Amino acid sequence: MLRDHEYTLDKELRLDKNENPFELPPSPREEMRQIISKIDLNRYPDPLANKLRSKLSIKLNFPQERIVIGNGGDEILSMLFMAYVKPGDKVLTAYPCFSEYNRLCKIFGAEQHVVPINFNDKHITLDVEQILDAIARISPKLILLDNPHNPTGTFIDPALLINIAKMSPCPFVLDEAYVEFASRSSLDVLKKNFPSNLCILRTLSKAWGLAGLRVGYSLCSNEIAKTLNKIKSPFNVNVISQEIACIMLDYDEWMKSRVYSIRFLRDKFIEEVNEIDSFYAYPSQSNFVLIRSELDRDYIKAFLRDKGIRINLLDLDIDSFTWMRVSIGKEEELNYVIQAFRSIVRQPNAEFVIA
């Protein structure tokens, strides 16, 4: 049970971007201050970010030459579209999916084909056989699948995803932006038999708490790594972002402790939501929770806006519910959201008070 705390908003509560709610600890902040004072800002950054790639290579036990650094994971996605998608080409995704996939399909003139996520009363699943059938039917030029899945938080067995890669005639992008919050990763089963068409996408924005720096990376075959390095801007990740990312990778225990806290708060938040009439929170293996409500979308939106709570109200045409994705914040912030949900149901026109 999330403990009740008196909590007063002094600014808008932002639980809509899946950011890490915890500030960086003092020790790496001091290291950052010192390193920034020594950086020669008149010099261009290392175009291949070799120091950062070396750190990641050692940490992940993955070949350095097959790691590509991007200005956030979004830039790597753009590079993949640039490399493999022409106007009119077919791109395969799930529905719903990370909104950037939809945007890039429009920008590059791709024909987006979707495999629907299956929503039932208590759980969400993705039928891998449906994906394999779609691959055989449309012969896509690029496949995009996030695991854990955004916005549902569901997790697919990595062994099943390997089958998708093996059956795919094109690059298969496995987006693991939230993998640190899940029970395991694809690398656990892929290191010895890494498919040549697979590109695993990761980021330091979420679990590592570096969203403002925009540092993402891909783990891929030699062929895909060479292709991406030919396309990318030569100085795409600035020197400060590279140096700070290197510092933070030495604070692995801090990251793991924050992930543990977020998992704990996530699971308790789900329990609390599911005690409220007209709301249901699905199980999640990410740092966010998908919630459905029987209440009117416009009313919920206006109520939460009035209380200074910013969450992601989703435009999903599924079973006439109101769908929302809530990022996991600090305990008192989640408690504030729980009290808001209870107030919506219990006394929709009453004064909102945190006990």
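These are my notebook entries on one sheet and on several salt bridges in a predicted model.

**Entry 1, the sheet.** I began with the strand order and found an open sheet of 7 strands, which runs β2-β10-β9-β8-β7-β3-β4 with mixed pairing. I then looked up the edges, which are β2 (67-70) and β4 (111-116), each of them pairing on one side only. For the twist I noted that neighbouring strands of this sheet are turned by 20° against each other on average, with direction ignored.

**Entry 2, one strand pair.** I followed β3, residues 90-95, and saw that this strand pairs with β4 in the parallel sense over 6 bridges. Within the pair, I noted that T93 stands opposite V114 in β4.

**Entry 3, helices on the sheet.** I next asked myself which strands helix α2 touches. Helix α2 (residues 50-60) packs on the sheet against β2, β9 (198-203) and β10 (216-220), and its direction makes about 130° with that of β2. Helix α4 (residues 99-107) also packs on the sheet, where I found it touching β3, β4, β7 (142-146) and β8 (172-175), with its direction at about 160° to that of β7.

**Entry 4, salt bridges around D252.** My search of the whole structure gave 20 salt bridges. One pair that I followed up is K59 with D252, whose closest N and O atoms are 2.4 Å apart. This pair links distant parts of the chain, since K59 belongs to helix α2 and D252 to helix α10 (residues 252-273), with their positions 193 residues apart. I checked the accessibility of both partners: K59, at 36% relative accessibility, counts as partly exposed, whereas D252, at 15%, counts as buried because that value is under 20%.

D252 also forms a salt bridge with K256, and here I read 3.0 Å between the closest N and O atoms. Both residues lie in helix α10, 4 residues apart, which is about one turn of the helix. K256 has 45% relative accessibility and therefore counts as partly exposed.

**Entry 5, R292 and D121.** I then turned to R292, which forms a salt bridge with D121 at 3.1 Å between the closest N and O atoms. This pair, too, links distant parts of the chain: R292 sits in strand β12 (residues 288-293) and D121 in the loop between β5 (118-119) and β6 (124-125), 171 residues apart. R292 counts as buried at 11% relative accessibility, while D121 counts as partly exposed at 48%.

**Entry 6, a network.** Lastly, I noted that E12, D16 and R310 are linked in a network of salt bridges.

Terms used. Residues are numbered from 1 along each chain as its sequence is written. This is a predicted model: local features need pLDDT of at least 70, side-chain atom pairs count only at pLDDT 80 or more; totals for chains, interfaces and linings use all residues. Side-chain values use heavy atoms; hydrogens and water are left out. Two strands pair if DSSP finds at least two bridges between them. Axes are lines fitted to C-alpha atoms, for helices over the stretch in contact, and angles run from 0 to 180 degrees between N-to-C directions. Contact means heavy atoms within 4.5 Å. A salt bridge is a side-chain nitrogen of Lys or Arg within 4 Å of a carboxyl oxygen of Asp or Glu. Buried means under 20% relative accessible area, exposed over 50%, partly exposed in between (1.4 Å probe, protein chains only).
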